Each structure stands twice: as structure tokens, then as C-alpha cells.
Amino acid sequence: MESREGSGSPGRTRVQPGDGAPSEHITPARRPDTRRMSTHARIVLIEDHAILRDGLRALLELESDLQVVGEAGSAAEGTRVARTCNPTLIITDLAMPGGLGLRAIDELRAACQGVRVLVLTAYCTDEYIHAALNAGADGYVLKDASRAELMHAVRAVLAGQKYFSEPVSARLVSSYLRRNEPVMAGSPRITERERQVLTRVALGETNKRVAMALRLSIKTIEKHRANVMRKLDLHNTAAVTLFAVRHGMLPAGSPGNCASC
């Protein structure tokens, strides 16, 4: 049996003793948390498979600071949605009905000032990878990635960094190593393995990731890294990246590659 207080106690319900419930339960009015709302990353999904969009939305919105504000099933529709939603991040596939998402990346950037673009696709070919980077993509993740990797990629791109799935990074490195250009005329000679390590470090990979990709121990990678930095008189990772950019070892759009370098 319940009895309510007078109108001076809104939201308060008193429960009579003996009915197995606490003597008092207060249900405060819910107010929007404007602080959290203001810090949400606003995300637009562009993917032609509705079931995959639903899954992506569910995964992303498990994170309290990520909010999906729009969805589209084609590149053209995605551009229209992005213009109205003012996103901070766009996650897009490449091959969709009505044309490649690649053609929309420039339009998306023009429509949404400062927006970041993360490609999520099943395609891992040199053609698609380089085209996406040249179009201005900030990251490239394959659809067989784990949830943990996707979240890592999303947060890296939102933080202004670049992110590539391991197979994508491997292709970037291999395609530029095949050019077999001298590192720099008159500079100390470095081995092919040292060049591989230098390029991967410049792409932003950790020693652990480089070791996994090259199937070497972390200690071996650390040794190669130290040797190449000593030979080329480079004193930190930023210097390695700048050296690689200046000597054509990285693709346009890759980490650290900018016109001001």
C-alpha cells in the first residue's frame, strides 16, 4: 500500500513498511548531460549493406563518446547526409552502388570542414589503397578487422593520426621498397632490412608491429632501428619520418607526408 507526499515533494514516493520494499525511493528527473553531448564524436556511416551499417552503429555506440548521427547507402547519398549532420568522422566503404566512394572523399572534405575520413573496406589492393590515400583518407581498415582494431583505428583517426590495417601497411611498404631508390646520394649505406625498418617506423608502426610484419624479434628490430638512426644521424621518430618524406620513401597521404615537409 503506497501513500504519496503532498505536492511539495515531486518525484518522491513513500512505501509503507512491511511490503518488502525500502521505506523510501526517490526517482530524480533525468536531465541531459550537456557536457558529454558536447564531447561526442559525431560519425556518419556510408555503407551499402544495411545489416553491416546496423552492426557498425551498434558497435560504435557502445562507446559513450561516439555517436552515429547519419547513415547512407551510397557515396552520393553520403555526401548529402554529411552536409546536414556536420560529422567529425566519416566511415566509408569504397565500392558501392552508383560509383566508388573514392570520388566522394574530396566532396566530403569540402562539405565538412575538418572532417576525418576512415575507409572500411574488403579491398586490399595497391590500386584501391593508393587511390584512397591520394583522395585524402586518414585511415584504411579491412572489414575482417576485430572490434578492438576498429575502435583503435577510429580513435587514432579522431586524434589526428593515420591508421592502416597490417596488410595495408605491408603493401604500402612493399610497393615503395620496390622502387629501389637510393636513400640519399652521399649518405651512409644502409642495408635492405634497415630500409624496411626505417620505412615502417616512418609510417608510424611500433617496434612490436614491425617485428610481427617482418617475422623478427622485437630486440632485432630495436637493433636495426638504432643502427639506421645512428648511420643517418637521426635522433627521434619525427626525424625518421621527415627523412623518409624528403627522400620519397612514403606515399602521398601517408603519416607525416605533407606539403610543408
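**Exercise 1. How many bridges join strand β6 to β9, and do the two strands run parallel or antiparallel?**

Solution. Start with the model itself. It is predicted: local features need pLDDT of at least 70, side-chain atom pairs count only at pLDDT 80 or more, and totals for chains, interfaces and linings use all residues. Residues are numbered from 1 along each chain as its sequence is written, and side-chain values use heavy atoms, with hydrogens and water left out.

Step 1. Fix the terms. Helices (H or I, at least four residues) and strands (E, at least two) are DSSP runs, numbered from the N terminus. Two strands pair if DSSP finds at least two bridges between them.

Step 2. Read the pair. Four bridges join β6 (residues 89–92) to β9, and the strands run parallel. Ile-91 stands opposite Leu-118 in β9.

**Exercise 2. Place the sheet strands in order and find the edges.**

Solution. Step 1. Strands of a sheet pair through backbone hydrogen bonds, either parallel or antiparallel.

Step 2. Here six strands form an open sheet, in the order β5-β4-β6-β9-β10-β11, with parallel pairing.

Step 3. β5 (66–72) and β11 (163–164) each have a single partner strand, so they stand at the edges and one side of each has no neighbour in the sheet.

Step 4. Add a helix. Helix α3 (residues 75–85) packs on the sheet and touches β4 (41–46), β5 and β6. Contact means heavy atoms within 4.5 Å. The direction of α3 makes about 135° with that of β5.

**Exercise 3. Follow strand β10 and sort its side chains.**

Solution. Step 1. β9 (residues 116–121) and β10 are joined by four bridges and run parallel. Thr-121 has Leu-142 as its bridge partner in β10.

Step 2. β10 covers residues 139–142. Gly-139 and Val-141 point one way, while Tyr-140 and Leu-142 point the other way.

Step 3. All of these residues are buried. Buried means under 20% relative accessible area, exposed over 50%, and partly exposed in between (1.4 Å probe, protein chains only).

**Exercise 4. Classify the crossing of helices α2 and α6.**

Solution. Step 1. Two packed helices are described by the angle between their axes and the distance between the axes. Axes are lines fitted to C-alpha atoms, for helices over the stretch in contact, and angles run from 0 to 180 degrees between N-to-C directions.

Step 2. The axes of α2 (residues 50–60) and α6 (residues 147–158) come within 11 Å and cross at roughly 70°.

Step 3. Apply the cut-offs: under 35 degrees is roughly parallel, over 145 roughly antiparallel, 65 to 115 roughly perpendicular, and the rest oblique. α2 and α6 are therefore roughly perpendicular.

Step 4. Leu-56, Leu-59 and Leu-60 of α2 make the contact with Arg-147, Leu-150, Met-151 and Val-154 of α6. By class, that gives six nonpolar, no polar and one charged residues. Ala, Val, Leu, Ile, Met, Phe, Trp, Tyr, Cys and Pro count as nonpolar, Asp, Glu, Lys and Arg as charged, and the others, Gly among them, as polar.

**Exercise 5. Decide whether helix α8 is enclosed, and describe its packing on α11.**

Solution. Step 1. Nine of the eleven residues of α8 (residues 192–202) are buried, so the helix is largely enclosed by the rest of the structure. Among the buried ones are Glu-194, Arg-195 and Arg-200.

Step 2. α8 and α11 (residues 237–246) pack at about 105°, with axes 8 Å apart. They are therefore roughly perpendicular to each other.

Step 3. Leu-198, Val-201 and Ala-202 in α8 meet Thr-237, Val-240, Thr-241, Phe-243 and Ala-244 in α11. The contact has six nonpolar, two polar and no charged residues.

Step 4. Look past the helix. Gly-204 follows α8 and has a positive phi, near 95°.

**Exercise 6. Classify the aromatic pair.**

Solution. Step 1. Rings of Phe, Tyr and Trp (its six-membered ring) pair if their centres lie within 6.5 Å; planes under 30 degrees apart count as stacked, over 60 as edge-to-face and the rest as tilted.

Step 2. This rule gives one aromatic pair. The ring centres of Tyr-123 and Tyr-128 are 4.5 Å apart and the planes lie at 20°, so the pair is stacked.

Step 3. Check accessibility. Tyr-123 is partly exposed at 35%, and Tyr-128 is buried at 17%.
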